[in-house]
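Me: Please go through the structure shown here with me, one topic at a time. I shall ask, and the replies should reason from the coordinates.

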Amino acid sequence: MEEAVPLTVTSTPREKPTNKGWVDEIPAHIEEFLHTPPTQGLSQDQVNERLARFGRNELPEKRRNKILHFLSFFTGAIAYLMMISVILTAVTKDWIDFGIILGMLIVNAVIGYVEEARADSAVASLKQGLALRTKCWRQGQLVEVDAAELVVGDIVILRLGDIIPADARLLGVGVNGEIAECDLSVDQSTLTGESLLVKKGKGDIVYSSCIIKQGQQQAVVVRTGKHSFIGRAASLITITTDSGHFQKVINYIGNFLILATLLLVMIIFIFDLVEQKIKNGFVSGEHVLAALNEMVVLTIAAIPVGLPTVMSVTMAIGAKQLAKRQVIVKRLTAVEELASVSILCSDKTGTLTMNQLTFDEPYLGGQHTKEDLIMYAYLSSEMGTKDPIEVAVRSAGDGQHHLIRNGHVEGYTVVSYNPFNPVDKMSQATVQHGDASFRVAKGAPQAIFKLVGGDAQAEQMVETFAARGLRALGVARTSTTDHRWELVGLFSLIDPPRHDSMKTIQECAQYGISVKMITGDQTIIAKEVAQRLGMGQHILDADHIVDPALSESQLAEDCFQADGFARVIPEHKYRVVELLQNMGHFVAMTGDGVNDAAALRKANVGIAVEGSTDAARSASDVVLLEPGLSAIIEAVKTSRVIFHRLYSYALYRIASTLHFLLFFFVVTLAEDWRMPPVFLILISVLNDAATLIMAVDNVAINPYPERWKLPQLIFLSCVLAIALAGFSFGHFYIFRDVLHYNAGQLATVMYLHISSAPHFVIFSTRVEGFCWKSIPSWPFTAVVLGTQVIALVLSVYGMFNETPTIQGIGWPVGMIIIAISLATFLILDVLKVFTIRLWDKFMARRHPQYHAAVPPTAAPTRAQRFMQKQEEQRSRSGYDRAIRRGSASSLQSY
């Protein structure tokens, strides 16, 4: 897409740039439809034929059936097993468990449905940006038609304030066919995100949803509906339908636990039936129902029915905390995924910069000062205009000159004023100062140099400004004596970085996040802004992204090493995000316009910045209510805290489930011993409910992006589960064979042990190191201990003699079991640290450290230096890098 022509360009406005760039070309087979005569237009037959060929000028929208969409949340391994459990509890008439499981199943589905209710709104927001009615020539008549009825070849009228109804080529003629003397000024900010108006002349393409800010012309429609520029952006949104990473993790954990549960429970079920067959010679329906009831109870106690709910509540609390920091989370799982982000692709204009032109470095002529330059530029500027250059001049004068107050210069009166026009390329004013009068002029440097008779040094400075991507304006005034023009100076204009952008980028680096700038501006402008932000200046041009000579892997590596990207369009942004994701990185993308919508949806976490369009907000996962990126740092910190809580819960839940299954599987087959069902239900409900308090636990913030280290998670859970099972068997055999407890007392002992020992392990799983290095929060400690106090009281008094098969064990034995459970947790904590260290060494040996080689003839980019530093810090343990390399390939198999 064309950029605004800088005022420092010496060529004529219609000259084509000599550098290779992206060109919006109309295919040859479309050209034959574009020869419609102006002021005549198409016939109705032609309109009907082209409507049938190209379709209506509207964005296609596929509406999902809301009922089917809601039912889709009842899919997945955990949901299927919960539904089976609901059926089995109904068969066995266990109505309490039936209600609990069915309620959790529905709650999980409702949460998921509400989270994703915004999925269909992105395309709707894009449609709202299109013009509703437009004027065009049809059969020699100027008529007003619905924008949706426009076809390729229609002649439309574009005037000041119009929303362009379709992609069209300017014809260079006015409404009645007269030659248009001036170009159109077009606001393309909804597409490119860049605030400067773009000049468009005869033969140029203007795009649907953009706004005409100056001029009027006829144009011939070249693309409509889904084939338009905005239509292609919408199509990119619709194809970005990958399921979230968090859902894949939940499915991975759920599938593992469910397979283990079903395998072991089915073996126990078959064992029970075989035992009945051997004992009685037959298996009755009552035997099958009894075995089925036992299987249901074991399954309910073992499967992680609370896993999605606990994690959703934890993320919801994180979202509420972020809302207090002006960060609105639209997709709940984005709270977790933001913790894993290692690359932040940030839009430049309005995000890293102020999105308003301001004075930068001046060049002063003769004896003039900076105040003189500002004052004379102010005197030759137009009050009340919204032109960004005039606004910059007026803003600089109002804030930096002592004589300028309330829009006027004290002691100076503007007698006459000639506004800027494309022929003279300057604005002029006659100024009265006391008894003397003089003229001032402000405009393109070439026009000002012509007034003053040339200035070689100033012309060289213009080239210097241009080489850095700075737009320049010249200012001149006449002498009060001989009325000859003299150069006051030049001032450069730039959209400056936000005051907090550099600090935010530095903080991102501290937390292991590489920031890459993405802009539709020219490469030299991107380099200038990157330098001021301290980002590094390895900026890739859009041509490089679509270079067919580069392989997929080489292009991905180039994008990874780049500090930013310039002259990009929506397809390029989408492509950059896709390439980085294919390398195994978690990518966050910030944006504010329609041009960002597809990349926002494609990114792992799409972030709509303050002031975004509806389309950008609809496509995003997170919306910032404050300008700039500083709020993202708070979001990253909070998300990493939430991630750690989720990881801790997952480790605890997997270990306790495996311990439960392993113990009951072996003790049932070896000893034919069964725990009363009421104890099994208490273990499941009481302990799972208590884990909700993990959402408020104290957590240290990881300085590196978080990862679900699933192989380590499963291995460590298995180690802890086996150790817990060993302690459980110790309790079982000591109390039965050594202390000779009866069946009722033994059941109570085992209940208290199985309730407390795995539950106390949560104090260990909440940190990766030794438990005493991080003190848990008092609410967390109180709730965890409180649940076991309840279990202790129930055990001491034998469920208050409500069940004859359960007997109390008294306070001394109960306190001893609790003390042993606390000691067990400390022993397992040491085992956990030892296991992690062994895993680190194993992974480091299996995946040797790899650092991307930098050619000796080329200096490394800032992005390369940043990532190398991250790798050097990670290699201290030799673990995280190996996991990250492993997760890149396993991402597809989750």
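**Burial, strands and charged pairs**

Me: How many of the 10 residues of helix α14 (residues 370-379) are buried?
Reply: This is a predicted model, in which local features need pLDDT of at least 70 and side-chain atom pairs count only at pLDDT 80 or more, while totals for chains, interfaces and linings use all residues. Residues are numbered from 1 along each chain as its sequence is written, and side-chain values use heavy atoms, with hydrogens and water left out. The buried set of α14 (a DSSP run of H or I, at least four residues; strands are E runs of at least two, both numbered from the N terminus) comprises Leu 373, Ile 374, Met 375, Tyr 376, Ala 377, Tyr 378 and Leu 379. Helix α14 is therefore largely enclosed by the rest of the structure, the buried count (under 20% relative accessible area; exposed is over 50%, partly exposed in between, 1.4 Å probe, protein chains only) being 7.

Me: What percentage of the 894 residues in the chain is buried?
Reply: The chain contains 33 helices and 25 strands. Its accessible surface (Shrake-Rupley, 1.4 Å probe; for residues, only the protein chains shown count as cover) comes to about 37,900 Å², with 59% belonging to carbon and sulfur atoms. Of the 894 residues, the buried share is 55%.

Me: How far does helix α9 (residues 245-280) reach from its first C-alpha to its last?
Reply: Helix α9 has 36 residues. Just after α9, Gly 281 takes a positive phi of about 85 degrees. The span is close to the expected 52 Å (1.5 Å times one less than the number of residues), and the reach itself is 52 Å.

Me: Which strands stand at the edges of the open sheet?
Reply: The sheet has 6 strands with antiparallel pairing (at least two DSSP bridges between two strands), in the order β2-β1-β3-β9-β4-β7. Each edge strand has a single partner, so one side of each is left without a neighbour in the sheet; these strands are β2 (141-146) and β7 (205-206).

Me: Which residue of β7 is the bridge partner of Ala 168?
Reply: Strand β4 (residues 167-170) runs antiparallel to β7, and 2 bridges join them. For Ala 168, the partner in β7 is Val 206.

Me: What separation in the chain lies between Arg 53 and Glu 49?
Reply: Arg 53 forms a salt bridge (a side-chain nitrogen of Lys or Arg within 4 Å of a carboxyl oxygen of Asp or Glu) with Glu 49, the closest N and O atoms being 3.3 Å apart. Arg 53 is exposed at 52% relative accessible area, whereas Glu 49 is partly exposed at 37%. Both residues belong to helix α2 (residues 44-54), and the separation, about one helical turn, is 4 residues.

Me: How many residues apart are Asp 347 and Lys 573?
Reply: Asp 347 forms a salt bridge with Lys 573, with the closest N and O atoms 3.9 Å apart. This pair links distant parts of the chain, Asp 347 lying in strand β11 (residues 343-347) and Lys 573 in helix α22 (residues 570-582), at a separation of 226 residues.

Me: How close are the N and O atoms in the salt bridge between Asp 596 and Lys 573?
Reply: Both Asp 596 and Lys 573 are buried. The closest N and O atoms of this pair lie at 2.3 Å.
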